[in-house]
Amino acid sequence: MREPAPKKASVVTLRINGREVTVPVGTSVAAALAMTDSFVSRADLSGRPRGPLCGMGVCFECRATIDGVPEVLMCLTPCREDQTVVTDA
Amino acid sequence: MREVCDLVVVGAGPGGLAAACRAAEAGLDVLVLDAQPEPGGQVWRGEARQGSNRLARRWLTRFSASGARFRPGARVIAAPEPGVLLVEEGPSSFAVRYGRAVLATGARERFLPFPGWTLPGVLGVSGLQVLVKDGLPIRGKRVVLAGTGPLLLAAAATIHSHGGEVLYIAEQASAASHWGFALQLWRQPAKLLQGALMSAKLVSVPTSTDAWVTAAEGERRLEAVRLSVRGREEHLHCDYLGAAYGLVPNLEVARLLSCETSAGAVVVDDRLETRVPKVHAVGELLGIGGVDQALVTGELAGLVAAEQPVPLELERSWHRVRTFAAQLARHDAPRAELLRLATPDTLLCRCEDVPMSALEGCQNLREARLYARLGMGACQGRTCGTAAQTLFGWTGEDVRPPCLPARIGSLRIPSDVSSTPTRES
């Protein structure tokens with residue numbers, strides 16, 4: 001498989017739960033979550049951790065507050081410069 | 001806010017793109033809605049950014065030149081009257097008034113519960129594949145894949161090409177069924193080639209038929225999996241598990257529009273029109289058939305919507321792809337052992353934390369909803385409803401608006417869109 005061609009502005013930096021993460025342009029927030037220490041998007045009713053499951057906007061496991069908007073699905077959201085992501089985990 | 005169009009296409013995967021191209025090229029004003037940020041659907045995810053798939057490149061280029069309008073990040077939440085859809089887009093919403101509709105909402109993975117399936121690091125097979133395409137760092141990570149059919153190899157190929165270490169591919173189908181299916185593929189030259197290319201890259205990966213995951217283990221995230229491989233148990237330490245058993249059509253929007261369904265697929269006539277006039281369905285909604293079926297039926301529906309003649313080759317192609325779809329359905333049908341993996345403590349509904357034990361005595365989906373809150377959470381039963389249907393034979397209830405969690409303001413029909421007078425609140 002061919003490697004993607006180099007991009008102009010090739011990376012963006014966002015904050016996930018206060019932590020800065022720098023990712024290539026085109027990375028989804030759900031994929032960027034795996035670059036933090038945990039791959040946890042929320043806690044269930046008993047406090048056990050959950051992570052993304054379907055990757056396609058179906059299961060709602062990866063919902064988070066993104067730039068102040070609650071219940072946004074990380075798997076359908078591209079990372080943007082200065083974006084703020086807060087999970088409830 | 002409102003949109004008016006001759007044709008609305010719901011879903012920008014191959015089926016939706018083909019329909020939109022054909023209709024827009026014939027002069028219709030076409031509006032395409034998709035929940036994703038880019039066109040391409042799940043199968044061509046990321047191709048709009050970094051195309052390596054020539055077929056995807058060709059259709060995406062044709063789509064951007066077609067004149068069809070594209071609204072990314074747009075989710076259909078209600079259909080308050082014929083010819084009107086209510087759509088949520090990020091923090092705002094709008095109404096669409098359309099003359100005809102093509103539903104191309106594609107498919108999702110079939111998840112079946114097993115102990116540990118709620119641990120972070122356990123994803124779908126294609127779920128893990130799309131996250132890798134979207135930039136999840138997989139280089140040097142150990143991955144186990146468990147599922148069925150061509151998707152398993154497609155996911156393995158993507159993970160392998162991004163530097164992931166695929167430790168094991170567990171195919172649930174029996175050897176006889178699997179190789180019988182593979183032998184049929186020679187009738188489908190494009191698919192045979194795809195299969196051969198995938199296998200060539202993956203020759204070193206241990207693969208077995210009659211194999212499936214029995215449990216995922218770990219404290220705060222996945223650490224290891226247990227597999228049943230031809231009757232013996234394997235225990236593998238790994239970072240990610242992709243586990244899902246084939247695909248099921250996303251029927252919610254079709255049901256919202258009152259389209260008739262039968263045996264898990266939308267009922268259409270030979271013009272791909274559903275039982276609801278001026279509403280067509282294409283691709284996976286007709287029964288899982290992959291990219292070829294999506295393109296053929298998308299083109300057909302686009303031509304019909306634009307009242308154009310349908311070339312005979314397209315009609316013939318449709319019959320050919322139907323044969324493949326039927327073979328795929330037989331191959332991918334989950335085996336009985338997979339339906340008995342969950343223990344009483346295993347959660348079936350992940351949104352409302354409903355364990356299997358809570359469903360004792362429930363006879364159908366309605367009782368499970370009322371007494372145990374199955375399917376009452378954020379995903380509205382999209383995950384557990386499919387599992388419950390596979391496990392217990394419970395079929396889905398009618399879809400009621402909103403068919404996705406939505407803000408209350410999004411459900412109001414703008415007065416300039418409705419054809420019937422509405423009272424202002």
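This is a walk through a predicted model, going from the overall form of chain B to its helices, empty spaces and unusual backbone spots.

Let us begin with the whole of chain B. Its secondary structure comes to 11 helices and 21 strands. Along the principal axes, the C-alpha trace spans about 65 × 50 × 35 Å. How does the radius of gyration of chain B agree with that of a compact globule? For 425 residues, such a globule would have a radius of gyration near 22 Å, and chain B has 22 Å, so the two agree.

The inside and the surface tell us more. Of the 425 residues in chain B, 56% count as buried. Its accessible surface comes to about 17600 Å², and carbon and sulfur atoms hold 53% of that area. You can also ask how the chain meets itself. Among contacts in chain B with a separation of 6 or more, 64% are between residues 24 or more positions apart.

Now find helix α3 of chain B, which runs through residues 125–133. How many of its residues are buried? The count is nine of nine, and the helix is mostly covered. The buried residues run from B:V125 at one end to B:K133 at the other, and they include B:S126, B:Q129 and B:L131. What lies over them? Part of the cover comes from another chain: α1 (29–33) of chain A is included. From chain B itself, the cover includes the strands β7 (107–109), β8 (122–123), β9 (142–147) and β15 (240–243), along with helix α4 (150–161). Just after α3(B), the backbone at B:G135 takes a positive phi of about 110°.

Next come the empty spaces. Rolling a probe the size of a water molecule over the atoms shows where empty space is left. The structure holds two cavities of 30 Å³ or more. The largest cavity has a volume of about 40 Å³. Its lining includes B:V125, which is also one of the buried residues of α3(B). Others in that lining are B:E109, B:G147, B:T148, B:L151, B:L152, B:A244 and B:G246. By type, the lining residues divide into four nonpolar, three polar and one charged.

The second largest cavity has a volume of about 30 Å³. Among the residues that line it are the cysteines B:C349, B:C351, B:C379 and B:C384, and the glycines B:G375, B:G377 and B:G381. B:R350 and B:Q380 are part of this lining too. Here the division is four nonpolar, four polar and one charged.

Pockets are open, unlike cavities. The second largest pocket has a volume of about 1300 Å³. Which of its 48 lining residues are closest to its centre? They are B:R108, B:E252, B:R255, B:Q389 and B:G396. Several elements of chain B give two or more residues to the lining: the strands β16 (247–249) and β17 (261–262), and the helices α7 (252–256), α9 (312–332), α10 (365–372) and α11 (384–392). Sorted by type, the lining has 21 nonpolar, 15 polar and 12 charged residues.

Let us pause at one residue, B:L339, found in the loop between α9 and β20 (347–349) of chain B. Is it buried, partly exposed or exposed? With 30% relative accessibility, B:L339 counts as partly exposed, because that value falls between the limits of 20% and 50%. Beyond its neighbours within four places in sequence, B:L339 is in contact with B:L112, B:T390 and B:L391. From B:E217, by comparison, B:L339 is 122 residues away in sequence and 19 Å away in space, C-alpha to C-alpha.

Finally, look at some backbone details. Most residues other than glycine have a negative phi, and most peptide bonds are trans. B:K278 is not a glycine, yet it has a positive phi of about 70°. B:K278 is found in the loop between β18 (265–266) and β19 (279–281) of chain B, and it is partly exposed, with a relative accessible area of 45%. B:D353, also not a glycine, has a positive phi of about 55°. B:D353 lies in the loop between β20 and β21 (354–355), and it is buried, with a relative accessible area of 12%. Last of all, the peptide bond from B:P401 to B:P402 is cis, with omega near -10°. You can find B:P402 in the segment after α11 of chain B.

Key. Residues are numbered from 1 along each chain as its sequence is written. Chains are lettered from A and ligands numbered from 1 in the order in which they are written. This is a predicted model: local features need pLDDT of at least 70, side-chain atom pairs count only at pLDDT 80 or more; totals for chains, interfaces and linings use all residues. Side-chain values use heavy atoms; hydrogens and water are left out. On a 1 Å grid over the protein atoms alone, a cavity is a set of points where a 1.4 Å probe fits but cannot get out, and a pocket is an open set with protein on both sides within 12 Å along at least five of seven lines; lining residues have an atom within 4 Å of a point. Grid points are joined across faces, edges and corners, and a volume is the space filled by probe spheres set on the points. Helices (H or I, at least four residues) and strands (E, at least two) are DSSP runs, numbered from the N terminus. Ala, Val, Leu, Ile, Met, Phe, Trp, Tyr, Cys and Pro count as nonpolar, Asp, Glu, Lys and Arg as charged, and the others, Gly among them, as polar. The radius of gyration is taken over C-alpha atoms; the globule rule is 2.2 Å times the number of residues to the power 0.38. Buried means under 20% relative accessible area, exposed over 50%, partly exposed in between (1.4 Å probe, protein chains only). Contact means heavy atoms within 4.5 Å. Accessible areas come from the Shrake-Rupley method with a 1.4 Å probe; for residues, only the protein chains shown count as cover.
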